[in-house]
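Student: Got a minute to go through a structure with me? I'd like to start with pockets and then jump around.

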Amino acid sequence: SKKIKYIPELFSPGKIAIIGVSEHEEKIGYALAKNTFENPDVYFVNPHLKDLLNKKVFNNIEELPLVDTAVLAIPPSTIKETIDKLITKKVKNIIIITAGFKEAGRDENFLKELAETSCINIIGPNCIGVYVNGMNLTFGTNDILSGEANFFSQSGAIVAELMDKAALKKMGFENIISVGNMADVDFADRINSYQGN
């Protein structure tokens with residue numbers, strides 16, 4: 001089986017880009033921004049915004065410093081070009097929140113090829129995100145306690161519901177990974193890489 005790449009950065013990202021933040025409170029890009037804006041190692045990207053939640057917004061990927069992890073909440077048609085640009089920023093892990101791929105009849109094989117040829121991990125598409133190392137890179141609740149449980153799920157809806165219930169019951173997590181369509185990284189990779197971490 002293929003070896004998962006960049007284990008430390010997967011479970012403890014350093015510099016993170018959120019591509020597709022939004023000022024509209026009903027959008028996923030706003031929830032991602034709200035969950036991460038206090039972290040100085042998280043950079044926001046949107047071509048049309050100057051700032052969001054008192055944080056600078058970069059208008060393009062070219063302006064970004066180097067990042068090891070990127071979260072994408074952008075239209076499916078812009079994903080490939082965006083990943084190509086992120087590769088020049090030395091990205092290792094890409095989390096694609098965007099839906100509208102395999103489940104909508106759109107080809108996603110190019111993601112697997114990109115992951116292999118560029119030696120990066122791609123989580124998703126069509127996922128809710130990840131919670132790793134105390135960092136909430138999801139668009140779910142930000143009320144997450146740290147603990148020892150690790151939760152990996154294909155279904156974003158189940159992840160979101162469990163995060164809400166866990167908060168009520170004061171249950172904590174070490175890692176939460178929503179794998180979505182698993183175009184590249186799948187369950188076995190997750191568990192093997194975690195045990196080897």
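Tutor: Here is a quick run through pockets, cysteines and one leucine. This is a predicted model, where local features need pLDDT of at least 70, side-chain atom pairs count only at pLDDT 80 or more, and totals for chains, interfaces and linings use all residues. Residues are numbered from 1 along each chain as its sequence is written, and side-chain values use heavy atoms, with hydrogens and water left out.

Student: What volume does the largest pocket have?

Tutor: About 510 Å³. A pocket here is an open set of points on a 1 Å grid over the protein atoms alone, where a 1.4 Å probe fits, with protein on both sides within 12 Å along at least five of seven lines. The volume is the space filled by probe spheres set on the points, which are joined across faces, edges and corners.

Student: Which residues are closest to its centre?

Tutor: Gly-20, Asn-46, Pro-47, Ile-74 and Pro-75, out of 25 that line the largest pocket. Lining residues have an atom within 4 Å of a point.

Student: Which element gives the most to that lining?

Tutor: H3, with 3 residues. Helices are DSSP runs of H or I, at least four residues, and strands are runs of E, at least two, numbered from the N terminus.

Student: And the second largest pocket, how much space lies in it?

Tutor: About 160 Å³. H2 gives the most to the lining of this second largest pocket, with 3 residues. Strand E9 (135-138) also supplies at least two.

Student: Switching topic. How many disulfides are there?

Tutor: The search of the whole structure finds 0. The cut-off is a pair of cysteine sulfur atoms within 2.5 Å.

Student: Is Cys-127 buried or exposed?

Tutor: Cys-127 is buried, because its relative accessibility is 3%. Buried means under 20% relative accessible area, exposed over 50%, partly exposed in between, with a 1.4 Å probe and protein chains only. Cys-119 is partly exposed, at 35%.

Student: Now Leu-114. Where does it lie?

Tutor: In helix H4, residues 109-118. Leu-114 is buried, with a relative accessible area of 7%.

Student: What does Leu-114 touch?

Tutor: Lys-80, Ile-83, Asp-84, Ile-87, Cys-119 and Ile-120, leaving out residues up to four places away in sequence. Contact means heavy atoms within 4.5 Å. Leu-114 and Ile-83 are 31 residues apart along the chain, yet their C-alpha atoms are separated by 8.4 Å.
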